[in-house]
Amino acid sequence: MSYTSRNIDLEPAITDLRNRTLARLPGDFSRLVYLASSRDLNTGRYSHDGLTFHFSETVASKAMALCHREIFERLVYASLEALIEELRNYISSTNERPAEFLKSWKHLGSYRVTIPSECDELEAEVFLSNVKMALAILQTCQKPVSQDGQSA
């Protein structure tokens, strides 16, 4: 089977995933986290019952991997300002207190598992660096300005 025909076989699954699942999530960072959390960390295979039912386990996994990579690339090449906004939207969708979320993500590095398996090492490093900066900026914005810092 040629590369082109395999992509044609995947297109309906990719379209379904984008329109039925990913479109309902609030932004690319939410989509990235969703896709990463659908991946088995031991095997690298993705799982989605709806896609598997309509297509096959293999097609569903490949479609999810392709979408994961696509969204990751958009975030890698996004401006820092856009990445901060994506993170802000994701944090607000979690129902967690932003200060606790930021502290936990900074300490645990939870964002590391959002990187696709098939990823360029340099892209991964840029992504990690940018997310660390974005988290630090958001954490700084969470801190109230001290009385000493307000001079007239």
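**Contacts, burial and salt bridges in a seven-helix model**

Colleague: Among contacts with a separation of 6 or more in the protein chain, what percentage comes from residues 24 or more positions apart?

Modeller: Contact here means heavy atoms within 4.5 Å. This is a predicted model, in which local features need pLDDT of at least 70 and side-chain atom pairs count only at pLDDT 80 or more, while totals for chains, interfaces and linings use all residues. Residues are numbered from 1 along each chain as its sequence is written, and side-chain values use heavy atoms, with hydrogens and water left out. Of the contacts with a separation of 6 or more, the percentage from residues 24 or more positions apart is 70%.

Colleague: Which helix has the lowest confidence in the protein chain?

Modeller: The pLDDT is the predictor's confidence in each residue, from 0 to 100; its mean over the protein chain is 90, and 88% of the residues reach 70 or more. Over residues 1–5 the value is below 50, and beyond near neighbours in sequence this stretch has two contacts in the model. Where pLDDT is low, the predicted coordinates should not be read in detail. Confidence is highest in H2, at a mean of 98, and lowest, at a mean of 80, in helix H1 (residues 3–21).

Colleague: How many helices does the protein chain have?

Modeller: Helices (H or I, at least four residues) and strands (E, at least two) are DSSP runs, numbered from the N terminus. Along the sequence the pattern reads α-α-α-α-α-α-α. The chain has zero strands, and its number of helices is seven.

Colleague: Is Ser 38 buried or exposed?

Modeller: Ser 38 is placed in the loop between helix H2 (28–37) and helix H3 (49–54). Its side chain reaches the backbone oxygen of Tyr 34 at 2.9 Å. Not counting residues up to four places away in sequence, Ser 38 touches Arg 45, Tyr 46, Ser 47 and Met 64. Buried means under 20% relative accessible area, exposed over 50%, and partly exposed in between (1.4 Å probe, protein chains only); because its relative accessibility is 13%, Ser 38 counts as buried.

Colleague: What is the relative accessibility of Met 64?

Modeller: Met 64 is found in helix H4. Leaving aside neighbours within four places in sequence, Met 64 is in contact with residues including Leu 17, Tyr 34, Leu 35 and Ser 38. Met 64 counts as buried because its relative accessibility is 0%.

Colleague: Which residue of helix H7 meets Arg 69 in a salt bridge?

Modeller: A salt bridge is a side-chain nitrogen of Lys or Arg within 4 Å of a carboxyl oxygen of Asp or Glu. Arg 69 forms one with Glu 73, the closest N and O atoms being 3.0 Å apart; both residues lie in helix H4 (residues 57–76), four residues apart, about one turn of the helix. A salt bridge of 2.9 Å (N to O) joins the side chains of Arg 69 and Glu 123, and this pair links distant parts of the chain, helix H4 and helix H7, 54 residues apart. At 9% relative accessibility the partner in helix H7 counts as buried, and that partner is Glu 123.

Colleague: How many salt bridges are found in the whole structure?

Modeller: Side chains of opposite charge can pair when their charged atoms come close. Arg 97 and Glu 100 meet through their side chains in one such bridge (2.8 Å, N to O), where Arg 97 counts as exposed at 56% relative accessibility and Glu 100 as partly exposed at 43%. Salt bridges also link Arg 18, Asp 28, Arg 31, Glu 70 and Arg 74 in a network. The search of the whole structure gives a number of salt bridges of 10.

Colleague: What is the phi of Asn 95?

Modeller: Asn 95 is placed in the loop between helix H5 (80–93) and helix H6 (98–108). At 73% relative accessibility, Asn 95 counts as exposed. Most residues other than glycine have a negative phi. In Asn 95, a residue other than glycine, phi is positive, near 65 degrees.

Colleague: What percentage of the 152 residues in the protein chain is buried?

Modeller: The chain exposes about 9400 Å², of which carbon and sulfur atoms supply 52%; accessible areas come from the Shrake-Rupley method with a 1.4 Å probe, and for residues only the protein chains shown count as cover. Met 133, in helix H7 (residues 121–142), is partly exposed at 39% relative accessibility. Of the 152 residues, the buried ones make up 37%.

Conventions. A polar contact is a pair of N or O atoms within 3.5 Å; within protein, one must be able to donate a hydrogen and the other to accept it, and residues adjacent in sequence count only if both atoms are side-chain atoms.
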